[in-house]
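Hello,

Here is the structure I promised to pass on. Please open it alongside this note and have a look around.

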Amino acid sequence: MNDLIKKLVEAYGPSGFEDHMRDLIRPEVEPYVDEMSVDALGNLITLKKGDGSGLKVMIAAHMDEIGVMVTHITKEGFLRFTNIGGVRPHGLWGSRVQFANGVIGMIGSDRIDDRSKIHPLSKHYIDVGATSAEDCPVGVGDAAGFVQPFFTNGKLLTSKTMDDRIGCVVAIEALKRLETTPHDVYFVFSVQEEVGTRGAEAAANGIDPDVGIALDVTITGDVPECPPMSVSLGKGAAIKVKDSGMIAHAGLVRLMRQRAEAANIAHQMEVLDGGSTDARSIQIANGGAAAGCISIPCRYVHSQSETVHADDVQACIDLLVEILSKPIEL
Ligand code: CO
Ligand code: ZN
């Protein structure tokens, strides 16, 4: 599985520019699904058919990553940029970004007079080695993602894009293991989650599922002086009860918990104070759906060293297979 993780987490794919990710994921899922399509936004929508006795279930994992977009090129060839999604200015200085055409740039910042303060994004720039706007190999509107190799430390897995390529891996591995299901299961690899769960909203409007489950990362409360949070790395799949965008369907939460207990899958309950996932969009699309989220606990979310635990990833796969392989009664 680490080969698949490495392939997906090192790849380029800021929100709105997920074509390459889609090309990587398509061959991984093609042998296991009955139908496959791409909608106008770029969502990869796949269907594994059930035996006709079950529900219509939508699983969503987002392919996009946070990144930056060029807003202006100085006459000396430096690129000013804006954020795509939740990019924080902390730790930008000296980091590297890569554009779709392969060009890599270093991030610098305007002079820092007061070291107790952090410059906003607008006072940072990207240096791609150009000397003028004319010889610059990228232009206004071009998007870049961060550059970091996949790194493992025992069971700790670290990369720039565990959010949410690890969710994509959970979906792919569950699909591989799901031999039969009563449900028509739509595995959606969604776009533009990081800018407001837009892809999943369009997909859910098109599919109109009875049940929706997002697969995404959540923060943990197990590092020094972090806000209190009852999710820890290595303690299992996190079953979301609430975040700032949704209250998960109580019946679906109960079912997830029962399935985890019955199959002895390590799990923990998640109440997240900030942020949300594709499940929010699925919950309120069309006439609404019973929606929930299986979260992969992750330290340092939206940094370039997002870290998950291999046992938690496996627990999330196991739980998803348990849910999808049996009837769902809410
Ligand atoms: Co995110
Ligand atoms: Zn995410």
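Below is what turned up, starting with the metal site and moving on to the pockets and the backbone.

A word on conventions: residues are numbered from 1 along each chain as its sequence is written, and chains are lettered from A and ligands numbered from 1 in the order in which they are written. This is a predicted model, where local features need pLDDT of at least 70, side-chain atom pairs count only at pLDDT 80 or more, and totals for chains, interfaces and linings use all residues, while side-chain values use heavy atoms, with hydrogens and water left out.

The zinc ion (ligand 2) takes its protein donors from His-62 (NE2), Asp-163 (OD) and Asp-216 (OD, listed twice), at 1.9 to 2.5 Å. Donors here are N, O and S atoms within 2.8 Å of the metal (3.2 Å for Na, K and Ca), and since water is not among the atoms, sites may look incomplete. Angles among the 4 donor atoms run from 53 to 148°, and the site is irregular (four donors are tetrahedral if all angles lie between 85 and 135 degrees; four are square planar and six octahedral if opposite donors are over 155 degrees apart and all others between 65 and 115; anything else is irregular). Asp-163 also bridges to the cobalt ion (ligand 1), 3.4 Å from the zinc ion. Because Asp-163 sits in helix H3 (residues 162-177) and Asp-216 in strand E13, the pair ties together parts 53 residues apart in sequence. Helices (H or I, at least four residues) and strands (E, at least two) are DSSP runs, numbered from the N terminus. Both aspartates, Asp-163 and Asp-216, are buried (under 20% relative accessible area; exposed is over 50%, partly exposed in between; 1.4 Å probe, protein chains only).

The peptide bond from Asp-163 to Asp-164 is cis, with omega near 5°.

The largest pocket is lined by 22 residues, with Arg-88, Ile-219, Gly-274, Val-301 and His-302 nearest its centre. (A pocket is an open set of points on a 1 Å grid over the protein atoms alone, where a 1.4 Å probe fits, with protein on both sides within 12 Å along at least five of seven lines; lining residues have an atom within 4 Å of a point.) Strand E13 (residues 211-218) gives the most to that lining, 3 residues.

The lining of the second largest pocket includes Arg-88, Val-301 and His-302.

His-302 has a positive phi of about 70° although it is not a glycine, and it is found in the loop between E16 and strand E17 (306-309).

Best wishes
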